[in-house]
Amino acid sequence: MLNHGKYSDLTAEQYELLGRNFIEWSNIEFLLGVLLSRLLFTPEFLGRTYSDEMSAVKLEAAVKNALDIHRNRYGGRIVSDELSSEITQLLSAASVHRAFRNKLAHYLWMRSNDQEIFGSRMSGKLPKANGKNDGLKVSVAELKEKCESAHALVEKIKRIAIDVLPKVEEEQNLTSLGKGRS
């Protein structure tokens, strides 16, 4: 059942599209960590000590929590209601891409034909009476669309996380460390 057979091995385009989807997800996840650091007024490198250990779901939840704090405690002085709403929409889109990435990552993929791949969990479950099983199909067109959508999402998150939200420089906090010590 592995995809190492003459007819089941994926085409170069199918492999490429799977890889591009994984890379774009990595970009999304990294930028969510940057976004969280900016929302928490933390230098990005230091913020990664926190966000690197988080699952994507927890990272999304932490960004939502930070947005709630900005709305309720800081009254939109740093993150406007409009920007908060835009970030919330981006988080929803990231959640959709996370689910698609998980689908890709947790199935064994074989070529159905040059325009479609078939994924199987290869589980030990018996087939269900309703005809559903642990397999699914994804078209090359869907892989392309998801990749393009993820790429666009990366650009949107990058614009907000890097260009819009204020950055906290590491040096800003390091200048006071040497003073007052004997």
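The legends below describe close-up views of one predicted model.

In this predicted model, local features need pLDDT of at least 70 and side-chain atom pairs count only at pLDDT 80 or more, while totals for chains, interfaces and linings use all residues. Residues are numbered from 1 along each chain as its sequence is written, and side-chain values use heavy atoms, with hydrogens and water left out.

**View 1. The whole chain holds six helices and three strands.** Helices (H or I, at least four residues) and strands (E, at least two) are DSSP runs, numbered from the N terminus. From that terminus the order of the elements is α-α-α-α-β-β-β-α-α. The protein chain has 182 residues, of which 36% count as buried. Buried means under 20% relative accessible area, exposed means over 50%, and partly exposed lies in between (1.4 Å probe, protein chains only). Contact means heavy atoms within 4.5 Å. Among contacts between residues at least 6 apart in sequence, 71% join residues at least 24 apart.

**View 2. Three strands form an open antiparallel sheet in the order β1-β2-β3.** The edge positions belong to β1 and β3 (135-139), each with a single partner strand, so one side of each has no neighbour in the sheet. Direction ignored, neighbouring strands are turned by 30 degrees against each other on average. Two strands pair if DSSP finds at least two bridges between them. Strand β1 (residues 108-113) and strand β2 (residues 116-120) are joined by five bridges, and a hairpin connects them through two residues. Trp109 has Gly119 in β2 as its bridge partner. Five bridges also join β2 to β3, where Ser139 is the bridge partner of Glu116. Strands of a sheet pair through backbone hydrogen bonds, either parallel or antiparallel.

**View 3. Helix α5 (residues 140-164) lies across β2 and β3.** The helix runs at about 70 degrees to β3. Axes are lines fitted to C-alpha atoms, for helices over the stretch in contact, and angles run from 0 to 180 degrees between N-to-C directions.

**View 4. Gln14 of helix α1 (residues 12-39) touches residues far along the chain.** Its relative accessibility is 0%, so Gln14 counts as buried. Gln14 and Ile117 are 103 residues apart in sequence, yet their C-alpha atoms are 7.8 Å apart in space. Not counting residues up to four places away in sequence, Gln14 touches Arg111, Asn113, Asp114, Gln115, Glu116, Ile117 and Val140. A polar atom of the Gln14 side chain lies 3.3 Å from the backbone oxygen of Asp114.

**View 5. Arg98 of helix α4 (residues 81-105) meets the side chain of Glu60.** The two side chains make a polar contact at 2.9 Å. A polar contact is a pair of N or O atoms within 3.5 Å; within protein, one must be able to donate a hydrogen and the other to accept it, and residues adjacent in sequence count only if both atoms are side-chain atoms. Arg98 has a relative accessible area of 15% and is therefore buried. Leaving aside neighbours within four places in sequence, Arg98 is in contact with Trp25, Ala56, Val57 and Glu60.

**View 6. Tyr107 and Trp109 form one of two aromatic pairs in the structure.** Their ring centres are 5.9 Å apart and their planes stand at 40 degrees, so the pair is tilted. Rings of Phe, Tyr and Trp (its six-membered ring) pair if their centres lie within 6.5 Å; planes under 30 degrees apart count as stacked, over 60 as edge-to-face and the rest as tilted. Both Tyr107 and Trp109 are buried.
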